Structures are given as C-alpha cells and as structure tokens.
Amino acid sequence: MRARSVFGVLRLATAAVCTVALVHRLLWGLSSRTIAGENFFAYLTVQSNCALVVVLLIGAVLAFLRASDPRWFTVALALVLTWTITAGLAFALIVWQAGLRGIRVDVPWSDQVLHFWLPACTALAWVFTPGHRGVPWWVVPTALAFPLAWGGVTLWRGPSVGWYPYYFLDPRQVSGPPEFLLTSAIALAIFALVATVIVFVSRMRRRGRERPEV
C-alpha cells in the first residue's frame, strides 16, 4: 500500500499541475484577444485534459483506499490517456508543419505542459503505477467515440462561428474533401494506435504478474 499511496500523491500533484496549466492557457488565450481564446473549451486537448483532472482525482482517492484500481477506473483512465496523448502528438505535428511552412505558432508554457509534459508523464505512470488491471481490447474502438463526436460537433459549429480548432477541419484551409478525409483518417488511426499500445501494455503487465504464480 505504501507504493500505492505514493502514486496517489503523484496523481493529486498531476491533477493540480494540469488545472494550473488549463487556467493559464485560458487566461493567455483571452489576453491575446483572439477567437481561439473565446473558443477555449472547443479544443479537444482542453476537453480531454479536463477529463484527465477528474480521473486523476478519482484515481488518487482509489490509490489511498485500495491496493488495486477497479477495472472501470482502469478503463476510464485508458480512454482519457488515449485522448490526451494523441492530442499531444497531433499538436506536435501541427507545430512541426507550421515551422516547415514558416508560420509562427506561439506555444506558451501551459501548452507545452498540456501537450507534451503531461502526456509523457502520464504515459510513464501507466507503465509503472502499481495496481493496474488489464484493459479489454474493446477499449480501442471505444476510444474513437469521443474524437468522432467531437469532430461532428466541431464541423457543425464551425460555419456559424467561422473558426475551427485544427486546420484540417476547416474547408478553407484544405484542398477539398479528399485531403479532409485522408487527414481525418490519419488522425483516427493515431487514436487507435495509441489506444492499442495502452491496452497492450496493461495486458502484458498483467501477464507478467500472473507468471510467477503459475
């Protein structure tokens, strides 16, 4: 239980850091007086990190009270980590492409925390946190439900506000439906790949714990 308590504290600390980064990113966006600030909660990264804060707080309580996480929590954490890690990878690709095209992209420290540091640290925690259960494979297709729903709402809302959180969703910034479909398919494939790795790691860890008992 001592190791679980340590990870409970780490979960609380991570939730606090994520909350501070979200607040700073909101204030930074509003101070820049751009439509991106007004649409702060429309970002997939923001929504997924808000979910991460909730899940981490629940996980901290479970770590203090239980020797292992219940299966429902492990599934919930796997889903949220899929979304936050993939959002970080997508943001890194967007910044990289912008640099190649000579387009300036401002990345405040809060964006670096939300897109890079938190996904990296939570991925490591997924590997090393004691008390994880194996995650079923149906988590992989289920992980696609949120980005699909988010994408549908974004496409419905975009024309009315004249803004899209990511360039490949904006009809004005893509060459046509083929590019939109291809880019969207690649994004969903990354979600599925990340979910697959998360499930695989959890199941391999469970097998590793079961072998000595055979």
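The following exercises, each with a worked solution, concern a predicted model of one protein chain.

Residues are numbered from 1 along each chain as its sequence is written, and side-chain values use heavy atoms, with hydrogens and water left out. In this predicted model, local features need pLDDT of at least 70 and side-chain atom pairs count only at pLDDT 80 or more, while totals for chains, interfaces and linings use all residues.

**Exercise 1. Describe the overall make-up of the chain.**

Step 1. The secondary structure consists of eight helices and zero strands; helices (H or I, at least four residues) and strands (E, at least two) are DSSP runs, numbered from the N terminus.

Step 2. Of the 214 residues, 43% count as buried. Buried means under 20% relative accessible area, exposed over 50%, and partly exposed in between (1.4 Å probe, protein chains only).

Step 3. The accessible surface comes to about 11500 Å², and 71% of this area belongs to carbon and sulfur atoms. Such areas come from the Shrake-Rupley method with a 1.4 Å probe; for residues, only the protein chains shown count as cover.

Step 4. Among contacts (heavy atoms within 4.5 Å) between residues at least 6 apart in sequence, 79% join residues at least 24 apart.

**Exercise 2. Find the salt bridge partner of R11 and state where both residues lie.**

Step 1. Side chains of opposite charge can pair when their charged atoms come close. A salt bridge is a side-chain nitrogen of Lys or Arg within 4 Å of a carboxyl oxygen of Asp or Glu.

Step 2. A search of the whole structure finds four salt bridges. In one of them R11 pairs with D69, with 3.0 Å between the closest N and O atoms.

Step 3. This pair links distant parts of the chain, 58 residues apart: R11 belongs to helix α1 (residues 2-31), and D69 to the loop between α3 (44-65) and α4 (71-100).

Step 4. R11 is buried, as its relative accessible area is 7%. D69 is likewise classed as buried, at 0%.

Step 5. A network of salt bridges links R4, R11 and D69.

**Exercise 3. Set out the burial of the partners in the pairs D111–R25 and R172–D170.**

Step 1. D111 and R25 form a salt bridge whose closest N and O atoms are 3.0 Å apart. D111 lies in helix α5 (residues 109-128) and R25 in helix α1, so the pair ties together parts 86 residues apart in sequence. Both partners are buried.

Step 2. R172 and D170 form a salt bridge with closest N and O atoms 2.9 Å apart. R172 counts as exposed because its relative accessibility is 60%, whereas D170 is buried at 3%.

**Exercise 4. Identify the residues of the nonpolar surface patch and the helices that supply them.**

Step 1. Patches are made of residues with over 30% relative accessible area and no salt bridge; like charges are joined within 9 Å, and nonpolar side chains (Val, Leu, Ile, Met, Phe, Trp, Tyr) within 5 Å.

Step 2. V9, L12, L57, V61, F64 and L65 make a nonpolar patch of about 540 Å². The elements giving two or more residues to this patch are α1 and α3, and α3 gives the most, with four residues.

Step 3. L57 is found in helix α3 and is partly exposed, because its relative accessibility is 40%.

**Exercise 5. Characterise the surroundings of Q112.**

Step 1. Q112 is placed in helix α5 and is partly exposed, with a relative accessible area of 32%.

Step 2. Leaving aside residues up to four places away in sequence, Q112 touches V107 and W117.

Step 3. F91 lies 21 residues from Q112 along the chain, and their C-alpha atoms are separated by 9.8 Å.
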